[in-house]
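Student: I'd like to work through this one by asking why things get the labels they do. Can we start once it's on screen?

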Amino acid sequence: MSNAPSTHPVLDPLLAPPFPQAALPVLRNPQLRKNVAHAIDVIQAKRAKLVAEKTDWQELRTSASAIRAHALENLDFYLEQFETRCTAAGGTVHWAADAAEARQIILALLRQENATEVIKIKTMTSAEIQLNPFLEAAGINAYETDLAEIILQLGDEEPSHIVVPALHINRSQVREIFARRMGLENLSDDPKALTNAARTWLRQKFLTIPTAISGANFLIAETGSVAVVESEGNGRMCLTLPRALITLAGIEKVIPRFQDLEVMLQVLARSATGERMNPYTSLWTGVTPGDGPEEFHVVLIDNGRTGVLDDAESRATLACIRCGACLNICPVYRQTGGHAYGSIYAGPIGAILTPQLQAMKHSRSLPYASTLCGACYDVCPVKIDIPEILIHLRNKVVKGHGAPMAEWMAMKAAARAFASGGRLQSAQKLVRIAQKPYVEDGVIGRLPGMLANWTRFRDLAAVPAESFRQWWAARQRKEIS
Amino acid sequence: MSAAKLDARQEILERIRKAVGGARDRAAEYAAIPREYRREGGMAPEARVELFAARLYEYGASVYRCTSAQIADAVAQALTQRRRTAIVVSHGVPASWLPDGFEFVEDDALSYAALDQSNGVLTGCEAAVAFTGTIILRHGAGQPRRAVTLVPDYHLCVVRAEQVVETFPEAIRRVEEFRAAPLTTISGPSATSDIEMTRVKGVHGPRTLDVVLVR
């Protein structure tokens, strides 16, 4: 829509403003912060309860982590095996090096089906390649079918969470969007009524539109199968009823064997939504005569992933199973919500994934969007050490692309001063004089000029009137006298 | 296969090999993956079935218990309770499960519209998990079509006690021989928490799920 307000979040890493700037609209919007805090409090409480009842939780995490690491270290083998088995079962596998290739492949397949409409299961990867606007420009209407995605699509809103992407929108806002776009003036804001409205709105689309697009939670190499995990049944509708189904999946989604599901599905549901098991999981292999789509395509997309794989220190980023637990626990995400991350991948995982997918050329403020408290690592079901990777990426930002010149020079000067006691004392003397106009109650709250950048978001402890060395020296002198 | 497609495939695989390639003993590495989590249950059969039933209640499903001679009676009881009269019967359901006095329609490639207008569907299952309250359906030849277990608004599923295992890993082993068939795991009726995290039961999949539990 063209009348989008100027604060409309930009989730394209190429265009998004830096994190501190992008965070401001939410920080200044109490309603939005309330919506975000409420939603993540609810999920966290459910998750904590269900993780606590699982006595083998740590063992499951260890296995899940090892399975994902093994799959990534043998990615070429498992992808080729997936391709072979899927093809043997009647599917067609396509490979796309980047977003543009994936979009073209999907468009060509839709044209082959003479599709003017397509129903979609929630897929982050499709948002990553900005598929919907592309299809729209090509004259194909893409209908999102996940409730949260419908809210976003009809409301011209952007996703702010990888599992519950509309958590920043409350019931009265949903009511307003549905009433306006579905023509339901008397709709109430009861979630049950809103859910029912979505059901009615989609029912005929499910039963009649013959083409669908899905993502994949897992690709199983051993069988060539795809797994889709969901709650509402919109996924089952899309992957069962249409004549043709196109699955778009990142190359990192593959797991070696069917039996690995016994680990991955257990950790995913508890971490993502705080359920013992999600209501529905669908598994299918190629085409099954008399049951489901007659035409099945998988588009395997790289789009920067092999670049992530190439760095052994941050490779584990690709182990992510998109549960969103790290978003829910993150003290930074809690305050800023998802839009500040300038990408559809928000929160701690977004902070490490997005800059890497951009080959560190964009989103370079994201590795700093963290307090390094480590909570994300504690909850990660596949044990991605996000804090370590954040530090590694900060290092890359500084080394590869240069820190701001002034900061670099200041740090160098500071290093020199701290390296010698004499120099430090001289520096302290200088600063004591210079800081005078800015000190209040022992802290510096606001520095002038370029130094203001340092104090914009934090206080600086003032240099005290007397240093420990001076105090000690004075004490010794007193004792002697 | 188009030239572009070949190029992308080759390019991606080469980039992967450059990043992680090299000689390795894949099978040994896979076998070395630690699996210290619970892979076997320890509950007595009676307690296991009770736990399964308790989970179903939590999901809002009704559970009708019976012996294998009483399945048709239990089905009649469930359908009466839910006021359902015209029910689709999936492949693999024996005639002995069907009580008199209801209209049962065999799934002979019924249209989606017909499924949509039906009162519900009756199926069996492949396995079930007590700890998570999960039912696993197998589809394909001689089994319920996926659409049949999905489009009707009511799903009545017959689960035999011996199909119920305690842990999820045990269930995965039970269905492993059918790993290339379409499989659906169902843990309660469809649901959403997308609006203010308020759980709403019943979205697109069957809004009501009941289980006949056979001892």
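Student: Is Asp210(B) buried or exposed, and how do you know?

Tutor: Keep in mind that this is a predicted model. The relative accessible area of Asp210(B) is 0%. Buried means under 20%, so Asp210(B) counts as buried.

Student: What makes Asp210(B) and Arg82(B) a salt bridge?

Tutor: Look at the distance: their closest N and O atoms are 2.7 Å apart. The cut-off is within 4 Å, so the pair qualifies. In general, side chains of opposite charge can pair when their charged atoms come close.

Student: Which parts of chain B does that pair tie together?

Tutor: Asp210(B) sits in strand S12 (residues 208-214), while Arg82(B) is in the loop between helix H4 (71-81) and strand S2 (86-89), so the bridge ties together parts 128 residues apart in sequence.

Student: Why is Arg82(B) called partly exposed?

Tutor: Its relative accessibility is 27%. Partly exposed lies between the 20% and 50% limits, so the label fits Arg82(B).

Student: How do you know that Glu295(A) and Arg243(A) form a salt bridge?

Tutor: Here the closest N and O atoms are 3.6 Å apart, and that is still within 4 Å, so this pair counts too. Glu295(A) belongs to strand S10 (residues 295-301) and Arg243(A) to the loop between helix H12 (234-240) and strand S7 (244-250), so parts 52 residues apart in sequence are tied together.

Student: Are Glu295(A) and Arg243(A) buried or exposed?

Tutor: Neither label fits. Glu295(A) has 24% relative accessibility and Arg243(A) has 34%. Both values fall between 20% and 50%, so each residue is partly exposed.

Student: What about Arg138(B), why is that one called buried?

Tutor: Arg138(B) has a relative accessible area of 16%, and the limit is under 20%, so buried is the right word. Arg138(B) also forms a salt bridge with Glu126(B), with closest N and O atoms 2.9 Å apart.

Student: How many salt bridges are there over all chains?

Tutor: The count comes to 41. Some join into a network, linking Glu53(A), Arg270(A), Arg276(A), Arg55(B) and Glu58(B).

Student: And which residues touch the most other members in the largest nonpolar core?

Tutor: Phe178(A), Tyr341(A) and Ile384(A), out of 148 residues. Helix H13 (residues 261-273) of chain A gives the most to this core, with eight residues. A second, separate core has 22 residues, including Phe52(B) and Ile186(B).

Terms used: Residues are numbered from 1 along each chain as its sequence is written. Chains are lettered from A and ligands numbered from 1 in the order in which they are written. This is a predicted model: local features need pLDDT of at least 70, side-chain atom pairs count only at pLDDT 80 or more; totals for chains, interfaces and linings use all residues. Side-chain values use heavy atoms; hydrogens and water are left out. A salt bridge is a side-chain nitrogen of Lys or Arg within 4 Å of a carboxyl oxygen of Asp or Glu. Helices (H or I, at least four residues) and strands (E, at least two) are DSSP runs, numbered from the N terminus. Buried means under 20% relative accessible area, exposed over 50%, partly exposed in between (1.4 Å probe, protein chains only). A nonpolar core is a set of buried Ala, Val, Leu, Ile, Met, Phe, Trp, Tyr and Cys residues joined through side-chain atoms within 4.5 Å.
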